[in-house]
Amino acid sequence: MAPKGGTCCFLLILACAALDEEVPEKCDSAKADLESMVSGSSNKDPQVDVMTNKKCLLATIKQMRNSSMASSCHMQAIVASISWEMLTKQSENMTSEEYDTLLGASKPALGMKLPSDVGERQNLKKLLDMLKESFVGMSEDQMTQVVKWEKEQIMEKYFNCTTRPAADQRSSSMERCDPKRKWLDSDTLIMIGPYIAKLAPKDVDSAPKEELCEFFSSHKFKVATNMVSNMNPSLGRKFLKRFQDCFGTNEFSKNVDKLGILACHVSNAPDLDPDLSQKLLSELDSCDDSNPKIKQMKKRLVKAVFSNATDIRGLQKLGNSLAFLTPSDLSKISKADLKDIIKNLGSSVQWTRAQMRAIGKKLQDKKCNKSMSGQDLLALKSVAEGLPSCAFKHVNEILNDTEGMKNIAQRMRKGQRMAMLQELLGDVAPSLLVQKLSGRLLGSLPLSTLVEANIVSLDQVGDKTWSRSQAAFLAKKILNGNKFWYRVKKLRSVMQGITCEMIDDVSDSDTGDMGQAVTEDPQWLSKRQAGCAARKLFASLEKERADYFKTITEEEMKNISTCLLLQLPPSKVEDLPDSVCPTLLDKIEEADLSSLPQRSLSRPAFTERALRCLANGTDLSVLTEEDVSRLGPFLCELSPAQLKLMRLMAPEVLKSSLRAMASCQQIPRRHVADLVQLVNETFGDPSNWSPETMEELGALVLLDDNKISTLPNKPWLKDVLYFLKSKLKHTSKALGKKIFDLTTTASNAARKKRAAEQVTAEMIEELGMNNVYWSVEQLDGMSDQTFLATVETLGDVPDYNADQLAMLKSKIDKNLVPEITESEVKQLGCLTRGFSSKDLETLPFPLDTLEETANCGWNESQMESVWKGASKYNNLTVKQLKAADMVMLSQFICGLNSTEITQLNIDAFKDAVGSVGSVACSYSKSQELKRLAVSAFGNPDSWDEAQVSELGNIAAGLDATEFASLNSSVFSFISKPCIALIPPRIFASLNVDQLLSLGPDNAAMVTSGQQAEMTDEQLAAVERAATGSTDQEQRTDHSGAPSMSAEGISAFMMPLLFLLMGLLLL
């Protein structure tokens, strides 16, 4: 936020004072005046001496440019803030040179509120140029606000009319703009540059045809939007239609090199010769490959270019698009050319597993008869996952290339990483290995190796990223017993291993320092750790002053990390004085809620308190769009009840709030049903929405599975759903089913005229994981040719039902038997789940690729058969299994019988346990693995946080007595998936302290079956753990919106009561 009043003056003092060089005499005078204003001894108005302050600021900027202070981020931020404040308030009193100087200095402050008036027209152009430079770093919301502001300013400065709301004072002195005015001319398009991508589709109608066509044909559109990575489908289609109108059907294909970002919206690429295909491919480079339509188009174009490539130079022209060659095409490239291509492409290409297997097979035979050097391996880092494990024999040759080693391991399977580590451990001392490794390789290093490395100080290992179990080991070994652990520098990822007991041991006088230390790198702070640190800090502050939070000052609030402040219990949030509202709102606006439990009672409490601050004790009708934006992430916490209060008095603010909420990645589940209903009431039935409205608000509709299924099958809907899906972290099965329906309905309608088959190869490739929705009858109608062409894509789907698997198995029997090869087993993937247990025992399962099919939904009987088949085919016995072999088995280790599990090598098991612990076996198999863990690590009552974390799901095999013996401190280190695997009767044996120690994340994993076996006291403990609340702070309303306090209801509802009384008296 921009500094206000005396704050601006004070910052100017700091800026002047920070310079070592001598500043002008007038600046010294201004400093004296400003200092007296800050101290309260001045009789001057802070705005009186504007000219002197401006000269001081200009001198400061000049001095900074010629001093070491120019590189100081802190100084830049201070001066930028003051410069921006001066620009937005005093721009009319400046020369062009002064404006340029202040504008250049204010660049870091561009996220602040844009000025309502920029003064001269030339000032606007300069500011627009700087906004273009800042485009890439802006959020979607900021870009939208900038476009709105740019349109207002351009209309006023260049067309002498206004688009501002009638209530805006500036709009009263200007005539309203004619909606039909052709304002989006060539000059305007150049001025707004990349923000073209954030225009409304209707704005495109305001572009004169001749000027827009010239803008396209001269490559200006492509240049203006070269920083744009995405454009809403409706806007893209609108611009593309204008592009096509400019060139006509015959000339369109010859001008595809001018499309730029519009190439991403070409639905059906025309048939192009290889040269034009290459040009269109180049235009598609910036398009989102997660859209299957884009991926299909690229594949088609690559095929055309590849068919004409006669040498390696022709192939290299494809660049990153080589990733769209089929495995079969890659196999046709010579070994030498393929090696050169992959080396030149580096790590930028994301190959599929099938492609990596094809490349690996071409470059390295399965038995590694010809050894691969370390440098060869380094050159092939982007396809390392496709190489056999024996290819890593000489990895020690490149141990000193830390970055190269990190890149090689980036996409490797767990088993490959363990194989690489085993090779290294045979030649390199653990202490040296720990120093050299980083990234995923370091995270895969067994705890036993860390023990041997004998690390006694974090300085020994530098600034590394550790796994949670490794962090817990290091925290205990190096920091436990040190009451001043928070003073240790470079804690970073080791913070994961800090226990609540260590936090509680901090003295009251040092809790402030501790709070700063644990939040220095908040990405490593768990919800439980944040809660413990906050409770410790709050308790110490209230020892200083019993009513600390009732009487807290702004300065005191600033000293509390936002991450910890958000843990404040609801009753204390409600008591915060109005005087701290400015600081509280600043903190709320920039807050990161990742360390606050999803069901924390503090979420609705802070939301309500922020609303009271914004409304200044009155009702929500006074809130503006800018006010609501200050809620930051707490906007997503607004309840439908709170939003409805806006609707009564400020409907436009409600609409803008709902549009902003469509960007929320997480909305409380208890709000969803009423929120979707409110969207329906405010904007109408989604079935009648335009594409633009669906793009704006569709993410909220996608929260409701029933709404998704009822959306009409409009031609544009699939593109919009792909667009929305790309922005979501989580998607539902209902969305997948809707996309399936839209894909198959549209395609089948076109094919009925040709009497073609319903299931085509193109559809299967586009659907990907959504192939799970084909009916048995549709799968039966798939041709053999289509099946063979798409078997790998079909094999990637993990959750077919029994009937679908049976039908697909009949396709396999018809096309691939009697002798299925190892290569075909890899291609079949999850389709092998359709084989009988007897048949599974005869399939050629290669050990080093079992991980790829581990998550296909196997039952225990099938896993036993796969293990038998794999052990026979790979000529392995249980006693021969090394650590890498156990990791490669992945889920199929659950297929070993009880006798075989006891025969596993203990030392190898200790090295592999970090990966073995990630699989989910039945309780009986988990018990067997637990017994092996006891042999390896001792009795459960001796297990510490690091061991429990490393064991993962194996801990689910403990019995009631063993769980009772565990120290409470380890329960938050149990892996989240493990919680649901613990049988209900055993989970119900946990005591209250153990349940409280689960922490919010683990408590959220407790199943309804487990809850059914628990007492009321245990259920209360789980609820407290899940919400992160204290004894007194518990949720009483498990559904619906959080209730408002009596004060809140009075503040928000009193004006409405007066309004109703007035209406009754009319």
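A salt bridge, as the term is used here, is a side-chain nitrogen of Lys or Arg within 4 Å of a carboxyl oxygen of Asp or Glu. By that definition, Arg357, Arg413, Glu792 and Glu852 are linked in a network of salt bridges.

Good morning, colleagues. The model is predicted; local features need pLDDT of at least 70, side-chain atom pairs count only at pLDDT 80 or more, and totals for chains, interfaces and linings use all residues. Residues are numbered from 1 along each chain as its sequence is written, and side-chain values use heavy atoms, with hydrogens and water left out.

I begin with the overall composition. The chain has 60 helices and zero strands; helices (H or I, at least four residues) and strands (E, at least two) are DSSP runs, numbered from the N terminus. Of the 1066 residues in the chain, 54% are buried. Buried means under 20% relative accessible area, exposed over 50%, and partly exposed in between, with a 1.4 Å probe and protein chains only. Contact means heavy atoms within 4.5 Å. Among contacts between residues at least 6 apart in sequence, 68% join residues at least 24 apart.

I return now to the salt bridges. How many does the structure hold? There are 46 salt bridges, and I shall describe three pairs.

In the pair of aspartate 376 and lysine 339, the side chains meet at 3.3 Å, N to O. This pair links distant parts of the chain, with aspartate 376 in helix α18 (residues 374-379) and lysine 339 in helix α16 (residues 335-345), 37 residues apart. Aspartate 376 counts as partly exposed because its relative accessibility is 25%. Lysine 339 is likewise partly exposed, at 32%.

Arginine 353 and glutamate 385 form a salt bridge at 3.4 Å, N to O. Here too distant parts of the chain are linked: arginine 353 belongs to helix α17 (residues 353-363), glutamate 385 to the loop between α18 and α19 (402-409), and the two are 32 residues apart. Are these partners buried or exposed, or do they fall in between? Arginine 353, at 40% relative accessibility, is partly exposed, whereas glutamate 385, at 8%, is buried.

The third pair is glutamate 1023 and arginine 599, whose side chains meet in a salt bridge at 2.7 Å, N to O. Glutamate 1023 lies in helix α59 (residues 1016-1027) and arginine 599 in the loop between α31 (581-589) and α32 (602-615), so this salt bridge ties together parts that are 424 residues apart in sequence. Glutamate 1023 is buried, with a relative accessible area of 13%, while arginine 599 is partly exposed, at 31%.

Next, the nonpolar interior. In soluble globular proteins, nonpolar side chains tend to be buried together. A nonpolar core is a set of buried Ala, Val, Leu, Ile, Met, Phe, Trp, Tyr and Cys residues joined through side-chain atoms within 4.5 Å. The largest such core has 231 residues, and Phe239, Trp351 and Trp485 have the most contacts inside it. Leaving aside neighbours within four places in sequence, tryptophan 485 is in contact with Leu479, Leu491, Ile498, Met502, Ile503, Val506, Met514 and Val518. Apart from the largest core lies another, of 94 residues, among them Ile812, Ala883, Phe909 and Leu990.

I close with the cavities. On a 1 Å grid over the protein atoms alone, a cavity is a set of points where a 1.4 Å probe fits but cannot get out, and lining residues have an atom within 4 Å of a point. Grid points are joined across faces, edges and corners, and a volume is the space filled by probe spheres set on the points. Searching the whole structure gives six cavities of 30 Å³ or more.

The largest cavity holds about 80 Å³ of space. Its lining includes Arg468, Gln496, Ile498, Ser969 and Phe973, and α25 (500-504) and α27 (527-544) each supply at least two of the lining residues. By class, that lining has three nonpolar, six polar and three charged residues; Ala, Val, Leu, Ile, Met, Phe, Trp, Tyr, Cys and Pro count as nonpolar, Asp, Glu, Lys and Arg as charged, and the others, Gly among them, as polar.

The second largest cavity has about 60 Å³ of space. Which residues line the second largest cavity? They are Val825, Lys826, Phe845, Pro846, Thr849, Leu850, Glu852 and Thr853. Glu852 also belongs to the salt-bridge network with which I opened. Thank you.

Notes: 1 Å grid on protein atoms, 1.4 Å probe; cavity = no way out; pocket = protein on both sides within 12 Å on 5 of 7 lines; lining within 4 Å.
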